[in-house]
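How is this chain organised, and where do its annotated positions fall? The report below takes up these two topics in turn.

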Amino acid sequence: MTVYNFAAGPAVLPKEVLKKVQAELLDFNNSGMSILEISHRSQLFVDVYEDVKARIYKLMNLDDQEYDVLFMQGGGTTQFTAVPLNLAYQHHRAAYIDTGHWSERAVEEARLINGVQADVLASSKDQHYTTLPKVPAIPQDTYDYVHITTNNTIMGTAWQKLPETDGTPLVGDLSSNFLGQDYPFEKFDLMYAGAQKNLAPAGVTIVILKKSLLGHVKGLPSMLDYTKQAAKKSALNTPPVFQIYVAGLVLKWIDEQGGLKAMDARNRKKAQLLYDCLDNSKLFKNNVDPRYRSLMNVPFVTGDAELDAKFIKESQEHGLLNLKGHRLVGGMRASIYNAMPYEGVAALCDFMQQFEKENR
Ligand code: PLP
């Protein structure tokens, strides 16, 4: 039986990449050592690190003179703290657009920092986060940055067009559609993403920021200080060598698929298949505003908790794994990241149609 993994995370990686990891695991680059054993100070690792950075600039079409790329630890959650610490140095005030659980968490963590005010400028909470809010005009010279969550992993919404911020720096948590959806990335002043959706196993977080944001704040805890991390090429402490190595293989794989535009087009096709299947169903329903539907995470329900549970159980038996929805919203969720082939989504649609026939 072919098995398809619809998990929202951690990493669902391309099979070709996993095979390459397996083949090289005992002997990395003819060194006689495993990638798990090599020193982060060795040339072997420095080459991996430089290659990953170069691939990120290339795939995202970013200027290496303008942006720096950091490899940090502590997941997206640590960035909820690092961003305000490093960026809220002028107005000590930051604006957040609340589009779901992870945006709320970002606000909560920012508010724990003494001397920083985190304002929610717009929220779709009242609509149960099934849509995205209208972003008001951002007042000039008021906020150090505006923070958005590009893809809302739990609610299944995503920004299709980035909001205008009229000169206030734009910060994005791209954790769940990083390298899965194309954006004009140069509109961001800072982007961060935990690796464990489209890039690598959990343990490394990519932070891409304008170099002009560095050097303004002194006295931060070193591990959270972007300026120190940049100066030390992200090796202020022992970096997650294996995760960065896998990221390199995944970035190479994305390049071989035709780059980010091709990846985006492929993901749109996959998502469309699933949304069409849901919209044509009389049993299953996706409640998200069609203008903002995510390409990566597709929540759906039958409206009957018992039937949802039956579907999750039977889909599992058919090799369609991890379709249980997030505990906050229930129902089902199909996460269809880069590594999910079109055939996987087609298999899910076939099974949904069969289930509908048997249960209506
Ligand atoms: N932001 C988004 C959009 C997420 O989906 C997640 C986790 O799924 C996080 C942040 C938290 O990430 P981490 O577990 O890496 O701290």
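What follows describes a predicted model, beginning with its domains and ending with its annotated sites.

The chain is divided into two parts, domain 1 (4-13 + 259-359) and domain 2 (27-256), and the centres of domain 1 and domain 2, taken over C-alpha atoms, are separated by 27 Å. Across the boundary, 27 residues of domain 1 are in contact with 29 residues of domain 2. On the side of domain 1 that touches domain 2, the elements giving two or more residues are α7 and β11 (297-300), and α7 gives the most, with six residues.

Helix α7 (residues 259-279) also pairs with helix α9 (residues 342-359), their axes coming within 9 Å and crossing at roughly 5°. Because angles under 35 degrees count as roughly parallel, α7 and α9 are described as roughly parallel to each other. In this pairing, Lys269, Lys270, Leu273, Leu274 and Cys277 of α7 meet residues of α9, among them Tyr342, Val345 and Met352.

The largest nonpolar core holds 90 residues, of which Leu190, Ile206, Ile244, Ala247, Val250, Leu274 and Ile336 touch the most other members. Helix α6 gives the most to this core, with nine residues. Domain 1 and domain 2 both give residues to the core, so it lies between them. Ile206, one of the residues that touch the most other members, is in contact with Val69, Phe71, Tyr192, Ala193 and Ala195 when its neighbours within four places in sequence are left aside.

Turning to the annotated positions, the "binding site" annotation in the unreviewed UniProt entry covers Gly76, Thr77, Trp102, Thr153, Asp173, Gln196, Asn237 and Thr238. These positions are spread over 163 residues of sequence and are also spread in space, up to 30.2 Å between C-alpha atoms. For two of the annotated residues, the table gives the location and the C-beta surroundings.

| Residue | Location | Other C-beta atoms within 10 Å |
|---|---|---|
| Thr77 | helix α3 (residues 75-87) | 15 C-beta atoms |
| Thr238 | loop between α5 (226-231) and α6 (241-256) | 10 C-beta atoms |

Because a residue is exposed if 12 or fewer other C-beta atoms lie within 10 Å of its own, and buried if 20 or more do, Thr238 counts as exposed with its 10 neighbours, whereas Thr77, with 15, is partly exposed.

Note on methods
Residues are numbered from 1 along each chain as its sequence is written. This is a predicted model: local features need pLDDT of at least 70, side-chain atom pairs count only at pLDDT 80 or more; totals for chains, interfaces and linings use all residues. UniProt positions are given in the numbering used here, feature names are shortened, and annotations may be inferred rather than shown by experiment. Helices (H or I, at least four residues) and strands (E, at least two) are DSSP runs, numbered from the N terminus. A nonpolar core is a set of buried Ala, Val, Leu, Ile, Met, Phe, Trp, Tyr and Cys residues joined through C-beta atoms within 7 Å. Domain bounds come from an automatic or database domain assignment. Two residues are in contact if their C-beta atoms, placed from the backbone, lie within 7 Å. Axes are lines fitted to C-alpha atoms, for helices over the stretch in contact, and angles run from 0 to 180 degrees between N-to-C directions. Angles under 35 degrees count as roughly parallel, over 145 as roughly antiparallel, 65 to 115 as roughly perpendicular and the rest as oblique.
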